[in-house]
Amino acid sequence: MASTQGVGAENEDAVHASATGVVVLDGLSAPKDLPMACGHGTPWFVRQLGTHLLNLIGEANVPLREALRTAITEVNGLHRDTCALDQEAVPASTVVMIRERGDTLDYLVLSDNVLVLDLGPDGIKTITDKRVEEVAGKEMRAALEGPTGTAEQAARISALVSVQRRLRNHPDGYWVASTDPTAADQAITGTVEISNVRQAALLTDGASRLADSFGALTWAQLLDLLRTEGPAALIARTRKLEQDDPTGERWPRFKCSDDATAAYVQPHASRA
């Protein structure tokens, strides 16, 4: 596992692991010029949510959607009395998690983290939730206009986030883990036989860039890099390409370097 901070003031990603489960989260950045109804902030929310999720998925009989629903409710209880949780401007996070349960591997993905599964003869399967890219298209295109890191782009990003907040956890919008427990019902879930899984990777969008944004690696090559050199090497290679394109001229993006988190897993059956 590895997690490194991007250009923000604090790493808003988190990764948690136990003997049977892995949880990776990517907190949604809040522009400084927009209000925030929670005084604790996004990094606190992400850490709390991840800790609660890891504890909950330790119970093999608890479905992953139910675990996420319960975790959101529990974290709400930690700051309901001090923060205005009924507002749009509250912390939110993407989620990807897996759990070994007997002979099976359960997974859940909510929003644009990526789960990569190497299924051997059945090929490589990637699971992600890109619904956020289907809303606020005009504002999204404007926010991606370079050069990256300028005040002008920051203003366009704030305009995008303002629209996205209104569409967050709404039937006509997209879904993330925030203060609404029913968002868990919208997560992508599934189960595969552990014997079919050779290796797996859980990635925030800052760590999946080499494959899905930059096109520098195939998913197979990304898994090979994780297997041979580890998650830190994947992030280091990502940073090198980001530094070669600091203003986003080749690869338009919201930040030159985003927080990046990667977890690499070889299920127990694959190691037997």
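**Close-up views of a predicted model**

**View 1. Strand 10, with its residues pointing two ways.** Ala-260, Ala-262 and Tyr-264 point one way from strand 10, while Thr-261, Ala-263 and Val-265 point the other way, and all are buried. This is a predicted model, so keep that in mind for every view here. Count along the strand and you get 6 of the 6 residues buried, so strand 10 is largely enclosed by the rest of the structure.

**View 2. The partners of strand 10.** Strand 9 (residues 199-203) and strand 10 (residues 260-265) pair in the antiparallel sense, with 4 bridges between them. Look for Leu-203, which stands opposite Ala-262 in strand 10. Ala-201 has its bridge partner in strand 10 too, namely Tyr-264. Strand 1 also joins strand 10, through 3 bridges, and these two strands run antiparallel. Here Ala-2 is the residue standing opposite Ala-262.

**View 3. The open sheet that holds strand 10.** Step back a little, and 5 strands form an open sheet in the order 1-10-9-6-7, with antiparallel pairing. Which strands sit at the edges? They are strand 1 (2-4) and strand 7 (124-128), each of which pairs on one side only. From one strand to the next, the twist averages 10°.

**View 4. Two helices on this sheet.** Helix 6 (residues 219-229) lies across strand 6 (114-118), strand 7, strand 9 and strand 10, and it runs at about 95° to strand 9. Helix 7 (residues 231-244) packs on the sheet as well, touching strand 1, strand 9 and strand 10. The direction of helix 7 makes about 145° with that of strand 10.

**View 5. A stacked pair of rings.** How many aromatic pairs does the structure hold? There is 1, and it is formed by Phe-214 and Trp-251. The two rings are stacked, at 4.2 Å centre to centre with 25° between the planes. This pair links distant parts of the chain, with its residues 37 apart. Phe-214 belongs to the loop between helix 5 (209-212) and helix 6, and Trp-251 to the loop between helix 7 and strand 10. Are these two residues buried or exposed? Phe-214 is buried, and Trp-251 is too.

**View 6. The second open sheet.** Now for another sheet: 5 strands in the order 2-3-4-5-8, open, and again with antiparallel pairing. Its edge strands are strand 2 (13-17) and strand 8 (188-193), each pairing on one side only. On average, neighbouring strands of this sheet are turned by 10° against each other, direction ignored. Zoom in on strand 5 (residues 104-110) and strand 8, which pair in the antiparallel sense over 6 bridges. Within that pairing, Leu-105 stands opposite Val-192 in strand 8.

**View 7. Helix 1 and helix 2 across the second sheet.** Helix 1 lies across strand 2, strand 3 (21-27) and strand 4 (93-101), running at about 160° to strand 3. Helix 2 lies across strand 4, strand 5 and strand 8, and its run is at about 45° to strand 5.

**View 8. Where helix 1 meets helix 2.** Two packed helices are described by the angle between their axes and the distance between the axes. For helix 1 (residues 42-56) and helix 2 (residues 64-79), the angle is about 135° and the axes are 9 Å apart. Helix 1 and helix 2 are therefore oblique to each other. Helix 1 passes helix 2 in a right-handed crossing. From helix 1, the residues at the meeting place include Trp-44, Phe-45, Leu-49 and Leu-53. From helix 2, they include Leu-68, Ile-72, Val-75 and Leu-78.

**View 9. Three backbone oddities in loops.** Start with Gly-146 and Pro-147, which are joined by a cis peptide bond with omega at about -5°. Pro-147 is found in the loop between helix 3 (137-143) and helix 4 (151-167). Next comes Ser-111, in the loop between strand 5 and strand 6. Ser-111 has a positive phi of about 75°, although it is not a glycine. With 3% relative accessibility, Ser-111 counts as buried, because the cut-off is under 20%. Last is Asn-169, in the loop between helix 4 and strand 8. Asn-169 is a residue other than glycine with a positive phi, near 55°. At 15% relative accessibility, Asn-169 counts as buried.

Definitions and conventions
Residues numbered from 1 in each chain as written. Predicted model: local features only at pLDDT ≥ 70, side-chain atom pairs only at ≥ 80, totals over all residues. Heavy atoms only, no water. Pairing = 2+ DSSP bridges. Axes fitted to C-alpha atoms, helices over the stretch in contact; angles between N-to-C directions. Contact = heavy atoms within 4.5 Å. Phe/Tyr/Trp six-rings, centres within 6.5 Å; stacked < 30°, edge-to-face > 60°. Buried < 20%, exposed > 50% of the residue type's maximum accessible area, 1.4 Å probe, protein only. Parallel < 35°, antiparallel > 145°, perpendicular 65-115°, else oblique. Left-handed = near helix turned anticlockwise from the far one by under 90°.
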